[in-house]
Amino acid sequence: MKPQTLTAKPPVKFFIFKKPNRWVILTILIALIMSLPVLVVGSAIFQPLNENWQHLKEFLLAEYIINSLILMLGVSVGVLSMGVITAWLTSMCEFPHRRLFSWLLLLPLAIPAYIIAYTYTGLLDFAGPIQTTLREWTGWGIRDYWFPEVRSIGGAIAMLSLVLYPYVYMMARAAFLEQSIGALEASRTLGSTPLNGFFRVALPLARPAIVTGLSLALMETLADFGTVQYFGIGTFTTGIFRTWFGVGDGTTASQLAAMMLVFVFALIMLERWSRKRAKFHNTSQKHSVIKRFQLKGKMAFLAWLACLLPVLFGFILPALQLLYWVFTTAEETIDASFFSLTLNTMLLAMAASIIAVSIALLLAYGRRLHKSQLIGAGVSIASLGYAVPGTVIAVGIMTPFAFIDSALNSWMKANFDISTGLIFSGTVFALLFAYTVRFLAVSVNAIESGLGKIKPTMDDAGRSMGLTPLAVLRKIHLPLMRGTVLTALLLVFVDVLKELPATLILRPFNFNTLAVRAHELAADERLADAATPALMIVLVGILPVILLSRAISHSRAGEQ
Amino acid sequence: MKFNAQDKIAYKIASRAKRRLPEGRDYKSSKKRGGVLSIFSFLALSIALLLPQASFAEEDIVNIYSARKEALILPLLERFEKETGIGFNLVTGKADGLLKRLEIEGDMTPADIFITVDAGRLQRAKDAGVLQAISNEVLEKRIPAHLRDKDKFWFGMSQRARTMIYAKGRVKPEELSTYEDLVDPKWEKRLCVRSSGNIYNQSLVVSLIEANGEEATEKWAKGLVANFAKKPAGGDTDQLKAVAAGACDIALVNTYYFGRMINSNKEKDKQMAEKLAVFWPNQGGQGKEGRGVHVNVSGAGITKHATHIKAAQKLLEFFVTDESQKWYAEVNNEYPVVPSAPISETLKSFGEFKADKLNLTVLGTNNGKAVRLMDRSGWK
């Protein structure tokens, strides 16, 4: 039995209507529903521009664009350098504590960006312990020395990089581990050094995965509001809020949001393009155990340090600062309601992750079944939600939902004399829908990369044995991608734990989450009191992150 | 020959398919089905658990959308429930988001009361047509006219003064006089103010536009920016810390942040508060110059489509009882709207002041003007 690779691409079908098919209809329908909020926002682009847009163009737009670009560029450099290097070290080299680091490196994922921003501001601003100690030691006055300002664009880049690099790390590590060692060994026999092998073989092979991780990190960067607002940096998101709520012009704000979507769409296209250019299923079926390159002496120490620094600054330091604050405030902030709050948040995150991943499975599989451009575009638009600020999504959801509710209500009243009130908006339903729209990109990306690794011949074999497409998904793909599905579930889970703006607007009466509690206290400038819910978000998020790390390690046959 | 996982599964399916196919199209393994089913039953269960148990249609209940944070409203509501037997349902959030929600929900909204922490947003809610006018003797008697809407759409519940806090020793109170004076070159690199995205700064600028006109205020804003010691960032507390640490000498903040610092149980905060003092600007002088300190209110209005108007009015009345007013003063160092209500020791220590009697309605109508003016002046 000789392993085969199917490289010939099936012809792209442009006119899917030739053969209407349940899968095509289902996929497009779901994609359409998921795109609804984004389309509601995007439709503002057809409205005429008013004088607020003129004002925006004259005084602010350039600043928003430049800052957003600098932020994206800086975060790219940050997450790529941290993510790829640590992924390579922990998967291909051997040095002290390697296995410990392999999961420690994921932990920053559990810390929301705005929380890390608060903790570092607490640590580094002039009233914080570091500068105070510095002044006490040296006797300097506050204006006698220069100290890097946390609340700057550089600070924002650092904060976002520290919590977002795990996306790249995770994807790159999975790719490195899955690579057949054969290609790398071949490069060594042909005389390349390990470093050379990394740059010329392993990195190009892992590029699609790395770009996927990068695009997730950048979409989160664009959607971030908490950090840039706290640091006083004008970006698209802060601009949208200012125009919408400060100036009170929803149309211009939506137009700004629509303009931002262009950025996002470019990102998605980049990701697709990168994946298309390098479509490979593993060429070798041999998964011998990786012979890790044994690092010694200075090199081992450097590798150890390279892995320690992201963990130290991205997790240990902020977590310690939070813990310290918790100790000073625990009596007031921990009560019975706090635990029901935690349970509430966890249930919500679990429910949302199951829904988002189920939908992602259907979409990604639908796209695999029918490679039409219409479906491709539909799935891409449905994924846009990840880069849109939660508040904008929330409004995009409320508008159609309230319309449906109102229509339903008047229909029921006319026919049965029953008032149904708000069924969709203002309930958990709206909230779960918002999370699904917002985090669909994360799960779709993960599932698509998992599906991509399964040879199309598997589908053919299954179908030729008489399985329906759904049965192929359920009996072949799902068992093969168990790790991938778990990864997608956990990523959405952690993201929902951290989600704030959409929750704030859409949540029902008497309904709270940890992120909301933390935000309310922090927004009231009670950072220390906010630490308890913030730390709880981190704690609840850690467990899935550890599971995630195990899922990645076990994704490679022969790897423990 | 080693098989990998893919080959193994393909083999398994092939053999199973052969075995099962004659019996028809049934290749469902009941075990796997159970797995999927249990996931979805878990999903259903968790959604059921998450659904709000409270009903919000009952008679003796009031449904609240509040921009006042949970910690600063819930204790009061709980006392209200205990005293009157009227229950409540609460959503807190940012005022703009909740206002948008009210607008979109229209006549379907469950909310009876909309609470904000600034008059500008209340005015905006009134303009958006989501509030209704309420004639209530208690409210009209207890709340001075300039602290409530002239058309009775909203009512102030507590006052918040935005004033100057200076560093003792580095600034003599005699040097300070008015908001307008802060553009004097002697204050170069000595001012700390948060960003212009903040509603309290926007309201302050509106009050200045009202007093001096748009052109003069834009000039003022440019002068103010020129005197900033650092780029605006962080909240009011951060500005206070900056003054205490010596990064600047004067901060424009709401007084309750200072009050909180004084009453903090942390030694470090108290030490910082020791270094600071309050100055009330625009107290004397001719005409507009002596208009008084800029104040804003937190307040509430009853929604246009409220279903529990009586209960909602009772809650508003409850907010302006002496006890509730005192509670605001003590818990968050806000000034009462009811002149006869007692104030806290901390507030007494700040001394008395004359407040700007500006009708707060303009805070809403002119907010956009203020934001654009600040954009033009380079106030980030």
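How many bridges join strand E4 (residues 155-167) of chain B to E8(B), and do the two run parallel or antiparallel? Seven bridges link this pair, and the strands run antiparallel. The views below start from that strand pair and then move outward through a predicted model.

**Figure 1. Strand E8 of chain B and its two partners.** This close-up centres on E8(B), residues 294-302. E4(B) is joined to E8(B) by seven bridges in an antiparallel arrangement, and B:Gln159 has B:Val297 as its bridge partner in E8(B). E3(B) also runs antiparallel to E8(B), with four bridges between them. Look for B:Phe114, which stands opposite B:Gly301 of E8(B).

**Figure 2. Both faces of E8(B) under cover.** Nine of the nine residues of E8(B) are buried, so the strand is largely enclosed by the rest of the structure. On one side you will find B:His294, B:Asn296, B:Ser298, B:Ala300 and B:Ile302, all buried. The other side carries B:Val295, B:Val297, B:Gly299 and B:Gly301, which are buried as well.

**Figure 3. Helix H4 of chain B and its surroundings.** Here the view turns to H4(B), a mostly covered helix with ten of its eleven residues buried. Among the buried ones are B:Leu98, B:Leu99, B:Leu102 and B:Ile104, and also the charged residues B:Asp96, B:Lys100, B:Arg101 and B:Glu105. The buried residues of H4(B) pack against elements of both chains: H11, helix H16 (390-416) and H21 of chain A, along with strand E1 (61-66), strand E3 (113-116) and helix H5 (119-127) of chain B. Just after the helix comes B:Gly106, with a positive phi near 55°.

**Figure 4. Where chain B meets chain A.** In this view, 66 residues of chain B are in contact with 67 residues of chain A. On the chain B side, two or more residues come from each of helix H1 (5-20), helix H2 (30-50), strand E2 (87-92), helix H4 (95-105), helix H9 (236-245) and helix H16 (367-377). H1(B) gives the most to this side, with seven residues. By class, the chain B residues that touch chain A divide into 31 nonpolar, 18 polar and 17 charged.

**Figure 5. The domain boundary inside chain A.** Chain A is divided into domain 1 (23-59 + 237-278 + 342-510) and domain 2 (65-234 + 294-323 + 512-560). The centres of these domains, taken over C-alpha atoms, are separated by 26 Å. Across the boundary, 40 residues of domain 1 of chain A are in contact with 38 residues of domain 2 of chain A. Several helices each supply at least two residues to the domain 1 side, including helix H11 (236-246), helix H14 (336-369) and helix H17 (428-452) of chain A. H12(A) gives the largest share of that side, nine residues. The domain 1 side has 24 nonpolar, twelve polar and four charged residues.

**Figure 6. The domain boundary inside chain B.** For chain B, the assignment gives domain 1 (61-159 + 297-343) and domain 2 (161-293 + 367-377). Their C-alpha centres lie 28 Å apart. Seven residues of domain 1 of chain B are in contact with eight residues of domain 2 of chain B. On the domain 1 side, the residues in contact are one nonpolar, four polar and two charged.

**Figure 7. The largest nonpolar core, viewed around A:Ala172.** This core has 181 residues, and A:Val168, A:Ala172, A:Ala360, A:Ala434 and A:Val492 have the most contacts inside it. Helix H7 (residues 153-178) of chain A provides the largest share, 19 residues. Both domains of chain A take part, each giving at least three residues to the core. Leaving aside neighbours within four places in sequence, the contacts of A:Ala172 are A:Gly83, A:Val84, A:Ala87, A:Ala206, A:Ala209, A:Ile210 and A:Gly213. A second, separate core has 91 residues and includes B:Phe80, B:Leu99, B:Trp187 and B:Ala242.

**Figure 8. Chain A as the setting for the close-ups.** Chain A has 23 helices and two strands. The radius of gyration of chain A is 25 Å, close to the 24 Å that the globule rule gives for 560 residues, so chain A is as compact as a globular protein of that length. Of its 560 residues, 53% count as buried.

Methods:
Residues are numbered from 1 along each chain as its sequence is written. Chains are lettered from A and ligands numbered from 1 in the order in which they are written. This is a predicted model: local features need pLDDT of at least 70, side-chain atom pairs count only at pLDDT 80 or more; totals for chains, interfaces and linings use all residues. Two residues are in contact if their C-beta atoms, placed from the backbone, lie within 7 Å. Domain bounds come from an automatic or database domain assignment. A residue is buried if 20 or more other C-beta atoms lie within 10 Å of its own, exposed if 12 or fewer, and partly exposed in between; C-beta atoms are placed from the backbone. A nonpolar core is a set of buried Ala, Val, Leu, Ile, Met, Phe, Trp, Tyr and Cys residues joined through C-beta atoms within 7 Å. The radius of gyration is taken over C-alpha atoms; the globule rule is 2.2 Å times the number of residues to the power 0.38. Two strands pair if DSSP finds at least two bridges between them.
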